[in-house]
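Work through the exercises below with the sequence and the model side by side, and try each task before reading its solution.

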Amino acid sequence: MLTIWHHICQYNFRLGCHPFCAPAQLANANAVQASERTWESQIDGALWTQQALPYQANCLWWTNECYQALDSAGRARVDTLITGTGVETVLFQS
């Protein structure tokens, strides 16, 4: 099983840690869930538009599955490491 860090690194940091990554991931996931073909959102002061990408949404869900599978000590360790990075906004709290 892949670790949460694999998913976070693969999905969140592939784009170079730009400030728009987390809001874009969340907007994309919402669009996929609503069966929309495209989405747009104000991100970092600019209008961002893109095709809704199911694979990106799946990556977000997989990351969250790994995060939720951690015990409370593991989640606390992850939380400490990512607080303030913007990545914490894509982790759903149970």
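**Exercise 1. Find how many disulfides there are, and classify C59 and C66 as buried or exposed.**
Solution. With a disulfide taken as a pair of cysteine sulfur atoms within 2.5 Å, the count comes to zero. For the second step, buried means under 20% relative accessible area, exposed over 50%, and partly exposed in between, with a 1.4 Å probe and protein chains only. C59 is buried because its relative accessible area is 2%, and C66, at 10%, counts as buried too.

The model is a predicted one, in which local features need pLDDT of at least 70 and side-chain atom pairs count only at pLDDT 80 or more, while totals for chains, interfaces and linings use all residues. Residues are numbered from 1 along each chain as its sequence is written, and side-chain values use heavy atoms, leaving out hydrogens and water.

**Exercise 2. List the residues of the largest nonpolar core, and say which helix supplies the largest share.**
Solution. A nonpolar core is a set of buried Ala, Val, Leu, Ile, Met, Phe, Trp, Tyr and Cys residues joined through side-chain atoms within 4.5 Å. The largest one has ten residues, namely A22, A29, A57, L60, Y67, V78, I82, V87, V90 and L91. Helices are DSSP runs of H or I with at least four residues, numbered from the N terminus; α2 (21-33), α3 (54-69) and α4 (72-82) each supply at least two residues of this core, and the largest share, three residues, comes from α3. Apart from this core lies another, of six residues, including A24, A27, W39 and A52.
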